[in-house]
Amino acid sequence: MLNATVMEPIADSTSPDAAAAVDSALARSAAGGDMQAFEALYRRHAGRVHGVIQRLVGFHGVRAEDLTQEAFVRAWQALPAFRFESAFGTWLHRLAVNTALMELRSRRNGPRFDEDEDAIEGLGLADSAGHSTALSMDLERAVATLPPRARAVLVLYDVEGWKHEEIAAELGMAVGSSKAQLHRARHLLRERLGVHA
């Protein structure tokens with residue numbers, strides 16, 4: 001059903017309302033066990049789901065692919081209980097974000113999370129020859145070097161449009177901590193991209 005390769009979403013020249021109606025019809029069929037309808041939903045949404053997960057986990061390719069697959073497996077399992085009170089795409093996107101955030105939370109106390117925090121500290125600093133390694137970084141690579149919590153807040157707030165209250169609840173932190181992490185992430189990005197503002 002789901003292969004490891006993330007497929008691009010089907011180009012849809014229809015309006016957002018028409019696309020949502022197609023998604024709804026496919027989701028209703030998939031909720032009834034129609035595997036082909038679910039595969040169509042996968043093709044339509046895999047790119048967006050993979051994109052948000054990739055940004056949240058710092059562009060770790062295999063990790064993002066695994067979490068994308070996990071998000072779709074969870075969607076398949078949860079779809080029969082989907083109440084169609086929101087658009088399917090909105091529901092799926094939130095499920096994908098939650099999948100990535102759960103993985104980030106599970107790594108918080110593990111060695112990989114700590115290594116991730118420490119590993120980025122030296123990035124963007126002058127190397128032994130005095131050259132700045134940050135000069136050639138693009139924005140995505142710079143975001144990927146952020147500490148996990150700061151990266152998650154930045155992606156959810158600046159890219160996904162979440163409010164600090166939602167982020168705080170999802171990440172298990174105070175609203176003030178969410179704001180502080182956003183400030184930290186923006187400051188680190190400016191440093192790493194060599195932007196003086």
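Within helix α1 of this predicted model, the buried residues are A19, D23, L26, A27 and A30. They lie on the same side of α1, because they cover an arc of only 105° around the axis. On the other side of the helix, D17 and R28 are exposed. The cover over the buried residues of α1 includes α2, α3 and α4. The helix itself runs from residue 16 to residue 31, and its 22 Å reach from first to last C-alpha is close to the 22 Å expected at 1.5 Å a residue. After α1 comes G33, with a positive phi near 105°.

I turn now to the charged pairs. The structure holds eight salt bridges, and I shall discuss three of them, beginning with E160 and R55, whose closest N and O atoms are 3.1 Å apart. This pair links distant parts of the chain, since E160 sits in the loop between α7 and α8 while R55 belongs to helix α2, 105 residues away. E160 counts as buried at 18% relative accessibility, whereas R55, at 25%, counts as partly exposed.

The other two share R94. With E166, the N to O distance is 3.8 Å; E166 lies in helix α8 and R94 in helix α4, so the pair ties together parts 72 residues apart in sequence. With E170, the closest N and O atoms are 3.6 Å apart. Through shared partners, R94, E166 and E170 are joined into one network. E170 is buried, at 18% relative accessible area.

Finally, which residues does W162 touch? Its contacts include R94 and E170, together with V97, N98 and I167. W162 is found in the loop between α7 and α8 and, at 8% relative accessibility, counts as buried.

Technical notes. Residues numbered from 1 in each chain as written. Predicted model: local features only at pLDDT ≥ 70, side-chain atom pairs only at ≥ 80, totals over all residues. Heavy atoms only, no water. Helix = DSSP H or I, 4+ residues; strand = E, 2+ residues; numbered from the N terminus. Buried < 20%, exposed > 50% of the residue type's maximum accessible area, 1.4 Å probe, protein only. Contact = heavy atoms within 4.5 Å. Expected span 1.5 Å × (residues − 1). Arc of directions from axis to C-beta. Salt bridge = Lys/Arg side-chain N within 4 Å of Asp/Glu carboxyl O. Lists of a residue's contacts leave out its neighbours within four places in sequence.
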